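Reader: I have the sequence and the model open side by side. Could you talk me through the terms people use for them, and tell me what each one rests on?

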Amino acid sequence: MPSIAIVGAGPQMGLAIARTFGSQGFDVALISRNRDKLDDLVGKLEAEGIDAAAFPANVLDRAGLTRAIESAAAEFGGIEVLEYSPVGTFGSTALTAPAGTEPSHVEFEMNFQLYGAIAATRAVLPAMREAGAGTLLYTTGAGSIWPDPRVANVNAAAAALRNWVMNLHKELADAGTGIQAAHVGIDSSIGISVIPGVEAARPEQITPLYWDLHTTKRHQAELVFKL
């Protein structure tokens, strides 16, 4: 069976993406920090007939993240799709306006968003190149495209990730590798509204974009969800 590794898997988007791909016959590798939460997600997926397994790792520990992805590939016989969407918590992420942003505020977000994504990609890309196929999907809020001054440091790192993904898409497409790399920008809150004025969407409204990029829209470098 094909398999998807979801980095930053949680009970909202991660679970919904797992269900979207799992319902199409994919095995699912769930990667995030908390083993207990992962085991709960695995239980929900298996109750729906989806083969899933947990691989705890912190995206800030790039060596540990690489080991988790390699373990998932070994268990499932390879990773056909990588989806990267870790989300910080309000306890760990200081949200800053542009003029109040310190280098350390952006440094944390760069480690979390861009550097973790690069490490995850390097863990799967050689095998995808050898197979001549694969899909690499990366998620940010739409502030990576249309900045919101209330979350300037997060936007800066998200924009860096988006830029890198766009370049990766072009490199892989121009070389005829058969590998799709694409960015998904989400212009809404998920589940509940957490930023004033930003409406919330259900994860199930968003996940068709991921399936489209993997299947029918492989030429596109980006899709944006808007309510």
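**Cores, sheet and one buried alanine**

Author: Gladly, and please keep in mind that this is a predicted model. Let us start inside: the largest nonpolar core has 34 residues, and Val7, Ile31, Phe55, Leu65, Leu136 and Tyr138 are the ones that touch the most other members. Elements giving two or more residues to this core are β1, β2, α3, β4, α4, β5, α5 and β6. Helix α4 gives the most, with nine residues.

Reader: What makes this a nonpolar core?

Author: The name is used for a set of buried residues of types such as Val, Ile, Phe, Leu and Tyr, joined through side-chain atoms within 4.5 Å. Val7, Ile31, Phe55, Leu65, Leu136 and Tyr138 belong to such a set. A second, separate core has 30 residues, including Ile6, Leu30, Leu209 and Leu213.

Reader: Which residues does tyrosine 138 touch, beyond those up to four places away in sequence?

Author: Tyrosine 138 touches Tyr84, Ala117, Thr121, Leu161, Trp164, Val165, Leu168, Ala182, His183 and Val184.

Reader: Why is alanine 157 called buried?

Author: Buried means under 20% relative accessible area. Alanine 157 has a value of 0%, so the word applies. This alanine sits in helix α5.

Reader: What is alanine 157 in contact with, leaving aside neighbours within four places in sequence?

Author: Its contacts are Glu109, Met110 and Gln113. With methionine 110, the C-alpha atoms are separated by 5.0 Å, although the two residues are 47 apart along the chain.

Reader: How do you know that β6 and β9 pair?

Author: Two strands pair if there are at least two bridges between them. Strand β6 (residues 179–187) and β9 have five, in the parallel sense, so they are called paired. In one of these strands, β9, glutamate 222 is the bridge partner of histidine 183.

Reader: Why are β3 and β9 said to stand at the edges?

Author: The open sheet has seven strands in the order β3-β2-β1-β4-β5-β6-β9, with parallel pairing. β3 (52–54) and β9 (222–226) each have a single partner strand, so one side of each is left without a neighbour in the sheet. On average, neighbouring strands of this sheet are turned by 15 degrees against each other, direction ignored.

Reader: Which helix lies across β2 and β3?

Author: That is α2 (residues 35–47), running at about 175 degrees to β3. Helix α3 (residues 62–76) packs on the sheet too, touching β1, β2 and β3, and its direction makes about 165 degrees with that of β2.

How values were computed:
Residues numbered from 1 in each chain as written. Predicted model: local features only at pLDDT ≥ 70, side-chain atom pairs only at ≥ 80, totals over all residues. Heavy atoms only, no water. Helix = DSSP H or I, 4+ residues; strand = E, 2+ residues; numbered from the N terminus. Axes fitted to C-alpha atoms, helices over the stretch in contact; angles between N-to-C directions. Contact = heavy atoms within 4.5 Å. Buried < 20%, exposed > 50% of the residue type's maximum accessible area, 1.4 Å probe, protein only.
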